[in-house]
Amino acid sequence: MPLVTFTRHLQRFFPTLKETEEVAGTTVRELLDELDRRYPGFAAYVVDETGRLRRHVNVFVREEPICDRESLADRVAPGDKVHVLQALSGG
Amino acid sequence: MSDCLLLATKKGTLIFDKTGGRWKARPITHAGMAVSYAASDPREGTLWACMDNAHWGPALMRSRDAGATWEDASRIIYPKGARYIEQLIPDPKAMEEAGRPVTYKPAALMKVWVLGFAGNDQPGVIHAGTLPGGLFTTHDGGESWELNLPLWNHESRGGDLFAGDATSKNEWGGTPAAMAYGDFVPGIHSVVVDPRDSNHLYAAVSCAGVVETRDGGKTWAACNRGMLNDYLPDPEAPWGHDPHFVALCPARPDRLWQQNHSGVFTSEDGAGRWKRVSQPDVAVHFGFPIAADDQDEKTAWVVPLRSDQERMTLGGGLFVARTSDGGLSWQTFREGLPQEHCYDVIYRHALDARGDRVCFGTTTGNLYMSEDRGESWRCLGNHLPPIHSVRFA
């Protein structure tokens, strides 16, 4: 299964979220759906209600940013490393 | 008179209590997270905070124990298929595209800008004004929220865009306040409920004007008669106005006040007709917030800025202006407020009045309280985060 690693910021909202989770799925969207089942409400932090990746969030698969920010259709394979990150922004 | 103040700031929710004759801040809640608006439901005291998290999206939190603990409320989400007509960003490059075909964008919540609580005749009903220009209502105290479709599909916005392309001209312009959220869209920042009948409410839109429903949101009409719009070719156009905030006198709800981009306006007949009551010779004209007295319909407060072009204090000094005669004249008050090197701006939700108390917060993190109807001021905090809203609880 792909291994998904999260920015620590998300643990503020989901305190039991592990730093890295094994998640079943063949696309980034499927991974997100599975995470939303484990942690209800999780997906809404990463995508808006149209399914689009939020502006200041990024997802990397195999160290490359995903191509499809609109529907997260980028494919993932067993063992792939996926990162969910936030922009370093603010003040 | 309330002994509790609720502040939405760039770094969290701050609650001030008056105990032993002194106002004191509690430890900050939602530390490090931006909050766009915070207010107390006057019916049963639930506190609400509109989270404005740039990374993880807007969300609502509430406290049913006076701020001791907070819980997530349901997220507000636009229904599938909700669209809006894309606006031109008002810069020269974008304006070159003028005349292009109408284009559409899918709607997603950018920000909850304001909450408006219904009266005791509608328990559990709360309205939320948002970017990109949707009014949402909950009937169950925030368990679920529903987009008001008659207003979203209003003919002034191109009609029912769920059903197809626009069937009428879009009269709703974007607000620069939306630019930080990535698009030039309209925003609903004022929701004013008539205390006599919660089915009668007003919403104010930047940039469109004031709209009104008398049937609980089934039908909506513009009420901008008498408004003057100095930045358009036709100042008396029915749409295109930029109300910065609208307030109502609870004791006489037909009296409304409006701080607009183009001056201060008031209405004595439930927004049937507005009248400009600015007094530029005492610098009462441009600004963002306005507060209505809860008893005396002829009294209101503003915190003016120099001008549209120069959104700064006048001469580096901060003052509050009050009218006690329905806007015929304004008195200015400076006692206790900084009078030099002051660069504070007061946002549209950052002024409130309750009884003899008037309070405002600023973008530079200063919080000022008056307990004598605005005549003298005391600073309650100099090093607070930028303040987005101030509301007595």
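**Close-ups of the domain 1–domain 2 interface in chain B**

**View 1. How much surface the two domains hide.** In this predicted model, about 2,700 Å² is buried between domain 1 of chain B and domain 2 of chain B, with 62% of it on carbon and sulfur atoms. On the domain 1 side, look for B:M1, B:Y37 and B:R43: these lose the most area to domain 2, and together they make up 26% of what that side buries.

**View 2. The two domains side by side.** Domain 1 of chain B runs over 1-73, while domain 2 takes in 79-106 + 114-392. Going by C-alpha atoms, their centres sit 21 Å apart. Counting the residues that touch, domain 1 puts in 31 and domain 2 puts in 36.

**View 3. A salt bridge between B:R357 and B:D3.** Here B:R357 pairs up with B:D3, and their closest N and O atoms are 2.8 Å apart. Across the whole interface of domain 1 and domain 2 of chain B, the rule picks out 4 salt bridges. The tally of residue pairs in polar contact across that interface comes to 17, with both partners at pLDDT 80 or more.

**View 4. What domain 1 of chain B brings to the contact.** Five strands of chain B each give two or more residues to the side that touches domain 2: strand 1 (4-9), strand 2 (12-19), strand 4 (35-40), strand 5 (47-53) and strand 6 (57-63). Sorted by class, this side of domain 1 has 18 nonpolar, 9 charged and 4 polar residues.

Definitions and conventions:
Residues are numbered from 1 along each chain as its sequence is written. Chains are lettered from A and ligands numbered from 1 in the order in which they are written. This is a predicted model: local features need pLDDT of at least 70, side-chain atom pairs count only at pLDDT 80 or more; totals for chains, interfaces and linings use all residues. Side-chain values use heavy atoms; hydrogens and water are left out. Domain bounds come from an automatic or database domain assignment. Contact means heavy atoms within 4.5 Å. Buried area is the accessible area (1.4 Å probe) that two parts lose on being put together, summed over both. A salt bridge is a side-chain nitrogen of Lys or Arg within 4 Å of a carboxyl oxygen of Asp or Glu. A polar contact is a pair of N or O atoms within 3.5 Å; within protein, one must be able to donate a hydrogen and the other to accept it, and residues adjacent in sequence count only if both atoms are side-chain atoms. Helices (H or I, at least four residues) and strands (E, at least two) are DSSP runs, numbered from the N terminus. Ala, Val, Leu, Ile, Met, Phe, Trp, Tyr, Cys and Pro count as nonpolar, Asp, Glu, Lys and Arg as charged, and the others, Gly among them, as polar.
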